[in-house]
Structure formats: structure tokens, C-alpha cells
Amino acid sequence: MLSGISRRSRALRGHVFPKPLPNSSSINLARLPPALLRPRRFMCRNAASDNEEVAAKAAAKIADTGAPTIFDKIIAKEIPSTIVYEDDKVLAFRDINPQAPVHIVVIPKIRDGLTQLGKAEVRHAEVLGHLLFAAKLVAEKEGIVDGFRVVINNGPEACQSVYHLHLHVLGGRQLKWPPG
Ligand code: AMP
């Protein structure tokens, strides 16, 4: 049987709370600003997302130059990746910075101007459908087909950092809504 304290400490594992304030017993917690009470992990997440926003804005500046991206190197197998699915049109590999126990990136092998979804033209309709179907195949392979999310970040305000269209397939944990 777990004691109340050890149960609570298990539930809070991973959270680093701010140092206790002096004379904390005499402080009315209800009157403190919420930011002071928030676990530090959430503060770190905010800092991380600030970095992501900066990186996304920098990436957006060169998005339409046609410059190759890191995904070209992955397609050419010049850098290692963990490929989970591949056919003649698409490649799916594990995200290097996973946001869930299962986090796969699905990309078209030929970019053909599809730096982002917002640049899609009629000629891209077939590959877009193919990518979505591949996302479902990946979810099946990964054992998450009954609960998964497909995300496309489009542009700097959505924190897109690689300008080669890609789907994120996320799952393996309870996903929350709305997303950040
Ligand atoms: P986005 O921010 O929507 O443009 O997504 C780009 C994704 O590519 C991010 O989730 C990165 O973690 C991922 N990524 C970048 N470089 C690599 C790499 N070498 N291998 C696997 N995933 C990568």
C-alpha cells in the first residue's frame, strides 16, 4: 500500500517545483500568482517553444529558395534515420525529437515545390492522399491505429521548422486537446 505522500510523489515525478518560499506555512497559496505555483517543467516547455518559434521563423526565411533540407539527406540515406515505412513515393522515419512514445515523420520522396501544405497545387492531390494513407499504415504498424494524431505544421506561426512537407504521426499516450 502506498502512503499518501509517496502516491503524490509518484504522480508528480518529473515535475520540479520552485524552491519553497520563506515562511511558506504563513503564506496563503490561493493569493499567489499562478505562475509561481506552476511546476517548472511547464516553464521549461515555454522556453523550448520560444526556441522553436525562433527556429521556425529563421527556417521560413529560406523556405522558398529551393535549398535542400535535412530530409533530402535522409531520403538519400546520407544521414542515418530509423525508417519504419517506405514505398516508391513516401518515406516514414522516427522523429529525432519525439513528442510522444510513437512519433513518426512521413514525407514525400520528391518535394516538387511542396515545401509546406500551403503551397499545394492540384497536381499534388495524389501524393497528399498517398501521404495520408501511409500515415494510417504507419499507425497500424506501430500498434496505435485506434488512437493517433496526424499533424502538419504549416509556416512559422505553426512552428514549421523543415520546409519539405511532412506529416507527424503521434500516439502511444493520451493526447490532449486543444494542442499548444
Ligand atoms: P516541423 O517542426 O513540423 O517542421 O517538423 C520537423 C520535424 O523534423 C521535427 O519534429 C524534428 O524533430 C524532425 N527532425 C529534424 N531533423 C531530423 C532528423 N535528422 N531525423 C529525424 N527527425 C528530424
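Which residue in strand 2 is the bridge partner of Glu86? Keep that one in mind while reading the points below; the answer comes with the strands.

1. First, a word on what you're looking at. This is a predicted model, so take everything here as computed from its atoms. The chain has 180 residues, and 27% of them count as buried. About 12,000 Å² of the chain is exposed, with carbon and sulfur atoms supplying 58% of that area.

2. Now the layout. You'll find five helices and five strands. Reading from the N terminus, the order is α-α-α-α-β-β-β-α-β-β. As for how the chain folds back on itself, take the contacts with a separation of 6 or more: 55% of them are between residues 24 or more positions apart.

3. Back to the opening question. The bridge partner of Glu86 is Leu91, in strand 2. Another facing pair is Tyr85 and Ala92, the latter also in strand 2. These belong with the pairing of strand 1 (residues 83-86) and strand 2, which is antiparallel and has three bridges. The two strands make a hairpin, and three residues sit between them.

4. Strand 2 has a partner in strand 3 (residues 102-108) too: five bridges join the two, again running antiparallel. Here Phe93 stands opposite Val105 of strand 3. So if you trace strand 2 (residues 90-94), you'll see pairing to strand 1 and to strand 3.

5. How enclosed is strand 2, and why? Four of its five residues are buried, so the rest of the structure largely encloses it. Phe93 is buried, and Phe71 is as well. A general point helps when you look at side chains here: in a regular strand they alternate between the two faces of the sheet.

6. Those two phenylalanines deserve a look together. The count of aromatic pairs comes to one. In it, the ring centres of Phe71 and Phe93 are 5.5 Å apart and the planes meet at 75°, so this is an edge-to-face pair; planes over 60 degrees apart fall in that class. The pair ties together distant parts of the chain, since Phe71 belongs to helix 4 (residues 70-75) and Phe93 to strand 2, 22 residues apart.

7. On to the ligand. It is surrounded by 16 residues, and the closest are Asp95, Asn153, Ser161, His166 and His168. Which element gives the largest share of this shell? That is helix 4, with three residues. Helix 4 and strand 2 each supply at least two residues of the shell, and these are also the elements that hold Phe71 and Phe93.

8. Finally, the polar contacts with oxygen atoms of the ligand. A backbone N or O atom of Ser161 is 2.6 Å from one ligand oxygen atom. For His166 the side chain is involved: an N or O atom there lies 2.9 Å from an oxygen atom of the ligand. Cys159 contributes a polar backbone atom at 3.2 Å from a ligand oxygen atom. As for cover, the ligand on its own has 500 Å² of accessible area, and the protein covers 85% of it.

Key: Residues numbered from 1 in each chain as written. Predicted model: local features only at pLDDT ≥ 70, side-chain atom pairs only at ≥ 80, totals over all residues. Heavy atoms only, no water. Buried < 20%, exposed > 50% of the residue type's maximum accessible area, 1.4 Å probe, protein only. Contact = heavy atoms within 4.5 Å. Areas by Shrake-Rupley, 256 points an atom, 1.4 Å probe, with all protein chains shown as cover. Phe/Tyr/Trp six-rings, centres within 6.5 Å; stacked < 30°, edge-to-face > 60°. Pairing = 2+ DSSP bridges. Near = heavy atom within 4 Å. Polar contact = N/O pair within 3.5 Å; in protein donor to acceptor, adjacent residues only side chain to side chain.
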